[in-house]
Amino acid sequence: MSSRKKAHDHGIPMRTCISCRGKFPSYDMIRISYYEGRLLVSHGRKKEMGRGAYLCRNPECAENVFRKGLLKRAFRINFSKENLEDVRREVEEQLIL
């Protein structure tokens with residue numbers, strides 16, 4: 001039985017990665033939220049306010065999010081290059097952890 005199946009059977013919230021569209025337990029994903037005009041990256045289990053999008057911990061997915069502009073599509077908003085670079089740095093830090 002796969003870990004995805006087990007997580008779903010036990011009532012653990014499942015979320016979809018905005019890059020690969022795979023479903024994973026929410027606690028194992030990076031949450032990027034849009035709140036008060038800025039993108040924020042959630043650290044650990046702490047949840048940021050605002051509309052959210054989830055990213056799995058695959059480095060290829062992280063690269064695709066920024067290369068293909070998937071955050072713009074997920075939130076339907078254009079973001080400043082500075083904000084996107086800040087988010088990219090934070091996502092890369094989360095992938096290292």
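Tyr 34, Phe 75 and Phe 79 form one aromatic cluster. The exercises below work towards that picture and then look elsewhere in the chain.

The model is predicted, so local features need pLDDT of at least 70 and side-chain atom pairs count only at pLDDT 80 or more, while totals for chains, interfaces and linings use all residues. Residues are numbered from 1 along each chain as its sequence is written, and side-chain values use heavy atoms, with hydrogens and water left out.

**Exercise 1. Lay out the fold.**
Find how many helices and strands the chain has, and in which pattern they follow each other.

*Solution.* Start with the assignment: helices (H or I, at least four residues) and strands (E, at least two) are DSSP runs, numbered from the N terminus. Next, count them: there are four helices and five strands. Finally, read along the sequence, which gives α-β-β-β-β-β-α-α-α.

**Exercise 2. Classify the ring pairs.**
Work out the geometry of the pair Tyr 34 and Phe 79, then that of Phe 75 and Phe 79.

*Solution.* First, the rule: rings of Phe, Tyr and Trp (its six-membered ring) pair if their centres lie within 6.5 Å; planes under 30 degrees apart count as stacked, over 60 as edge-to-face and the rest as tilted. By this rule there are three aromatic pairs. For Tyr 34 and Phe 79, the ring centres are 5.6 Å apart and the planes stand at 65 degrees, so this pair is edge-to-face. It links distant parts of the chain, 45 residues apart: Tyr 34 is in strand S3 (residues 30-35), and Phe 79 is in the loop between helix H3 (70-75) and H4. Now take Phe 75 and Phe 79, which are also edge-to-face, at 6.1 Å centre to centre and 90 degrees between the planes.

**Exercise 3. Check the cover on the cluster.**
Decide whether Tyr 34 and Phe 79 are buried, partly exposed or exposed.

*Solution.* Buried means under 20% relative accessible area, exposed over 50%, and partly exposed in between (1.4 Å probe, protein chains only). Tyr 34 has 24%, so Tyr 34 is partly exposed. Phe 79 has 14%, so Phe 79 is buried. Phe 75 is buried as well.

**Exercise 4. Place Asn 83.**
Where is Asn 83 found, and which residues is Asn 83 in contact with, leaving aside neighbours within four places in sequence?

*Solution.* Begin with the element: Asn 83 is found in helix H4 (residues 81-96). Then the cover: its relative accessible area is 2%, so Asn 83 is buried. Last, apply the contact rule (heavy atoms within 4.5 Å): the partners are Gly 37, Arg 38 and Leu 39.
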